[in-house]
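Please take the structure below as the starting point for a guided reading, which begins with a single residue, widens to the whole chain and then returns to a few individual positions.

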Amino acid sequence: MTDSLLDVVVHAVTPVADGIRSFDLRRPDGSDLPPFTAGSHIDVHLPNGLTRCYSLVNSQAERHRYVLGISLDRNSSGGSAYMFENDLTGQALKIGAPRNNFTLVEDAGLVVLIGGGIGVTPLHSMILRLEELGRDWQLHYGVRDRASAAFREEFEALETAKSGRAHFNFDLEDGHFLDVAKAVKEAPSGAHLYCCGPAPMLELFKTAAEGRAAETVHLEYFSAPDDAVIGSDEAFTVVIKSTGQEFEVPAGESILGILLDNGVSAPYSCGEGECASCLVEVLEGVPDHRDYVLGEKERAENKLMTICVSGSKTKRLVLNL
């Protein structure tokens, strides 16, 4: 797991909604952090040994800090639970440099943002950027109830300043979930659409956006679907270019797991095909893409793959590792 890591300190922890907190990270000496763009995320290397990927929610104009928006996952395996159960103010952490698989098109005539629950976090940074640029945007935000809506007061203030931009759906109060299909249908054909939320919302979004120009449709998963498939249906051989080592990868198992089990160093973070930390160049063979970060064009090129979840359509796969 290994890009060069950055040393930061948790400057402040602030509640932003029920079960959601923001974490303000800064360098110990107060110097600038590497620049980032709206929609970026970072890997946080926790003291308990886990590494988790979280979106940056603050303005990309801010160089002195990174701010994360984190929700307490009821099924947490130790990531968000650690962040919530410990007093982290003043805690030293190591983080990876920002990466962006959810890039904002800054010159779009209109940007339509669709978020569900904690999926609103990358959209928040996008709105801040669009406001800085004076660009038009709309937000459709579905959340359980008002108390669970992160940044609600801020969005309402922006709505007050210019109506028609922020649309909320409070599931319990409204008696239904956000109508994703309607939000997509009502968006002008040339608008760029961004969606981040739970897997069912993203599936609705993809279906509703069929027929739109592919380059105008953008989505990011914050959790893998319950029926996510890992690896391939048949066994294959993976070859490490730098050493010539060859390993058999059984059906249904991950390349990453096999490599780690055999002492081969490889980059990774989420382990679910969502963050792109484990992207590796493919030198020979055809990947069986199972990730949630590569676009259709990137998949068709077969030059990169996520080794944590993707497999191979060919019997032999050579990786630039």
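Where is the place of Asn302? In this predicted model, Asn302 lies in the loop that runs between α8 (296-301) and β16 (304-306). The backbone there deserves a look, since phi of Asn302 is near 55°, a positive value in a residue other than glycine. A second residue of this kind is Phe151, whose phi is near 60°, again positive although the residue is not glycine. Phe151 also belongs to a loop, the one between β8 (137-143) and α3 (152-161), and with a relative accessibility of 12% Phe151 counts as buried.

From these two loops the view can widen to the protein chain, which has eight helices and 18 strands. For 321 residues, a compact globule would have a radius of gyration near 20 Å, and the protein chain, with its value of 20 Å, agrees with that expectation. Taken along its principal axes, the C-alpha trace of the protein chain spans about 60 × 50 × 35 Å. The contacts add a view along the sequence: among those between residues at least 6 apart in sequence, 64% join residues that are at least 24 apart.

How much of the chain is buried, and what supplies the exposed surface? Of the 321 residues of the protein chain, 48% count as buried, while the protein chain exposes about 14800 Å², of which carbon and sulfur atoms supply 48%. As for charge, the protein chain carries 28 positive and 47 negative charges, and the mean positions of these two sets are 3 Å apart.

The cysteines can be followed next. With a disulfide taken as a pair of cysteine sulfur atoms within 2.5 Å, the count comes to zero disulfides. Cys278 is accordingly in no disulfide, and the nearest cysteine sulfur, that of Cys308, is 3.6 Å away. For Cys196, the closest cysteine sulfur is that of Cys195, and because the separation is 7.3 Å, it is too far for a bond. Cys196 is buried, with a relative accessible area of 2%, and Cys278, at 3% relative accessibility, counts as buried as well.

Two helical residues complete the tour. Val180 is found in helix α5, which comprises residues 180-186, and at 2% relative accessibility Val180 counts as buried. Which residues does Val180 touch, not counting those up to four places away in sequence? On that basis Val180 touches Ile114, Met201, Leu204 and Phe205. A distance across the model gives another reference, in that the C-alpha atoms of Val180 and Ser242, which are 62 residues apart along the chain, are separated by 47 Å.

Asp171, for its part, is found in helix α4, residues 171-174. Is Asp171 buried or exposed? The relative accessible area of Asp171 is 18%, and since buried means under 20%, Asp171 is buried. When residues up to four places away in sequence are not counted, Asp171 touches Val143, Arg144, His176, Phe177 and Leu178. Along the chain Asp171 and Asn48 are 123 residues apart, and their C-alpha atoms are separated by 35 Å.

Note on methods:
Residues numbered from 1 in each chain as written. Predicted model: local features only at pLDDT ≥ 70, side-chain atom pairs only at ≥ 80, totals over all residues. Heavy atoms only, no water. Helix = DSSP H or I, 4+ residues; strand = E, 2+ residues; numbered from the N terminus. Rg over C-alpha atoms; globule rule 2.2 N^0.38 Å. Buried < 20%, exposed > 50% of the residue type's maximum accessible area, 1.4 Å probe, protein only. Contact = heavy atoms within 4.5 Å. Areas by Shrake-Rupley, 256 points an atom, 1.4 Å probe, with all protein chains shown as cover. Lys, Arg positive; Asp, Glu negative; His and termini not counted. Charge placed at Lys NZ, Arg CZ, Asp CG, Glu CD.
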